[in-house]
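Trainee: Could we go through this structure together, a topic at a time? I would like to begin with one helix and move on from there.

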Amino acid sequence: MNPVKIITDSTCDLSLETLKKLDIDFLPLNVIIGGVTYRDCVDITPEKLFKLVEEHDELPKTSAISPAKCYETFKYYIDLGFDVIFMGLDSKISSTYQSAVSASQEFDGRVHVIDSVNLSSAIGLQLLKMAHFRDEGLSADQIVEKMKEITPKVQCSFALKTMNYLYKGGRCSGLTFFIGRILHLHPIIRMEEGTLKVHKTPRGKTIKVLDIMIREFKEAYDANNVDLGTVMITHACTPEYADYIYGKLSEFMDPKHIMVTVAGCVISSHCGPGCIGILYIEK
């Protein structure tokens, strides 16, 4: 049985230190702003990204990983004797998935591409599971089978502080944007079957929105429906919101099961500063 190499893309929103510790390689998507192309998590940080947005008064564009880059990376590990598993951004959101599938066809079944059906650290949660299975000695085929059960159980919910990025990116109408600003709406978005859907549109202060997310998570927790391997809190340059949620969750669950991560530039490009989510796997 060949050893297993897990590869992801930069939208998993796990820190580079965590990926290194888990022995997971990653491929960066690109972020384009001001006529310059940056590699996500390599050449640019979210803090720098948001400053550039203000300077250029434009929304960043993002581009997927090419089939050629996927092929090059897969071949490197195949030549070293590994079987490869790749999981990146949801197939309905990015063409990176199709690039990986296309490249995988050159390796006679030794490269497995799994659709995360998700984004951000909801991918990260699945990578943690895969790394655990790999370290237990499971083969690539066995890990893929395990993930068929786990992937549909991943829950991803996040709130937006501003609708500016959705509006500038053409993801909401001018009327929706105007009404949202007047009524101080902060939509809560969920991933459902690989599609972003508005879950709720509470109005008022951001803390109120965070409390709704916390309450909904606690309901799942109290119903014994939360896999306590890891619960993620992921934010876009708003550590104060992450601290608030962390404190509230720590009142009823062991904080050692909570991981706080920062959204990378690709996710931040679409959600804007102040975006924050609670992500977990159902039992």
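**A conversation about the model**

Mentor: Let us begin just past a helix: H5 is followed by Gly137, whose phi is positive, near 100°. Please keep in mind that this is a predicted model.

Trainee: How far apart are the end C-alpha atoms of H5, and what should its residues span?

Mentor: Helix H5 covers residues 121-135, and at 1.5 Å a residue its 15 residues should span 21 Å. The end C-alpha atoms are 21 Å apart, which agrees with that expectation.

Trainee: Is H5 largely enclosed or exposed?

Mentor: Twelve of its 15 residues are buried, so H5 is largely enclosed by the rest of the structure. Among the buried residues are Ile123, Leu125, Leu127, Leu128 and Phe133, together with Gln126 and Arg134.

Trainee: Let us turn to empty space. How many cavities of 30 Å³ or more does a search of the whole structure find?

Mentor: The search finds one. About 100 Å³ of space lies in this largest cavity. It is lined by 13 residues, of which Ser120, Phe158, Thr234, Ile267 and Cys275 are the closest to its centre.

Trainee: Which elements give two or more residues to that lining?

Mentor: They are strand E8 (154-159), helix H11 (265-271) and strand E13 (276-281).

Trainee: And how do the lining residues of the largest cavity divide into nonpolar, polar and charged?

Mentor: Nine are nonpolar and four are polar, with no charged residue in the lining.

Trainee: What about the second largest pocket, how much space lies there?

Mentor: The second largest pocket holds about 290 Å³. Its lining has 18 residues, and the closest to the centre are Leu14, Ser15, Leu16, Cys41 and Val262. By class, the lining residues are eleven nonpolar, five polar and two charged.

Trainee: Which element gives the most to the lining of that pocket?

Mentor: Strand E12 does, with three residues. Helix H1 (16-22) and strand E12 (258-262) each supply at least two.

Trainee: You named Cys41 there. Where does Cys41 lie?

Mentor: Cys41 lies in the loop between strand E4 (36-39) and helix H2 (46-56). Its phi is positive, about 70°, although Cys41 is not a glycine. With a relative accessible area of 29%, Cys41 is partly exposed.

Trainee: Which residue in the loop between H2 and strand E5 also deserves a look?

Mentor: Asp57 has its place in that loop, with E5 spanning 61-63. Asp57 has a positive phi of about 50°, although it is not a glycine. Asp57 is exposed, as its relative accessible area is 60%.

Trainee: And the loop between E12 and H11, which residue has its place there?

Mentor: Gly264 sits in that loop. At 7% relative accessibility, Gly264 counts as buried. Gly264 and Ile32 are 232 residues apart in sequence, yet their C-alpha atoms are 14 Å apart in space.

Trainee: Changing topic to aromatic rings, how many aromatic pairs does the count come to?

Mentor: The count comes to nine aromatic pairs. In one of them, the ring centres of Tyr77 and Phe82 are 5.9 Å apart and the planes stand at 85°, so the pair is edge-to-face. Tyr77 counts as buried, at 10% relative accessibility.

Trainee: What about Phe217 and Tyr221, how is that pair arranged?

Mentor: Phe217 and Tyr221 form a tilted pair, with 6.4 Å centre to centre and 35° between the planes. Both residues lie in helix H9 (residues 206-222), four residues apart, which is about one turn of the helix.

Trainee: Why would that spacing matter for direction?

Mentor: An α-helix has 3.6 residues a turn, so residues three or four places apart point the same way.

Trainee: Are Phe217 and Tyr221 buried or exposed?

Mentor: Phe217 counts as buried, at 2% relative accessibility. Tyr221 is partly exposed, with a relative accessible area of 23%.

Trainee: Which residues form an aromatic cluster?

Mentor: Tyr71, Phe74, Phe86 and Phe107 form one cluster.

Trainee: One last point: where does the charged end of Lys218 sit?

Mentor: The charged end of Lys218 sits over the ring of Phe252, at 5.3 Å from the ring centre.

Technical notes:
Residues are numbered from 1 along each chain as its sequence is written. This is a predicted model: local features need pLDDT of at least 70, side-chain atom pairs count only at pLDDT 80 or more; totals for chains, interfaces and linings use all residues. Side-chain values use heavy atoms; hydrogens and water are left out. On a 1 Å grid over the protein atoms alone, a cavity is a set of points where a 1.4 Å probe fits but cannot get out, and a pocket is an open set with protein on both sides within 12 Å along at least five of seven lines; lining residues have an atom within 4 Å of a point. Grid points are joined across faces, edges and corners, and a volume is the space filled by probe spheres set on the points. Ala, Val, Leu, Ile, Met, Phe, Trp, Tyr, Cys and Pro count as nonpolar, Asp, Glu, Lys and Arg as charged, and the others, Gly among them, as polar. Rings of Phe, Tyr and Trp (its six-membered ring) pair if their centres lie within 6.5 Å; planes under 30 degrees apart count as stacked, over 60 as edge-to-face and the rest as tilted. Buried means under 20% relative accessible area, exposed over 50%, partly exposed in between (1.4 Å probe, protein chains only). A charge sits over a ring if NZ of Lys or CZ of Arg is within 6 Å of the ring centre and within 35 degrees of the ring normal. The expected span of a helix is 1.5 Å times one less than its number of residues.
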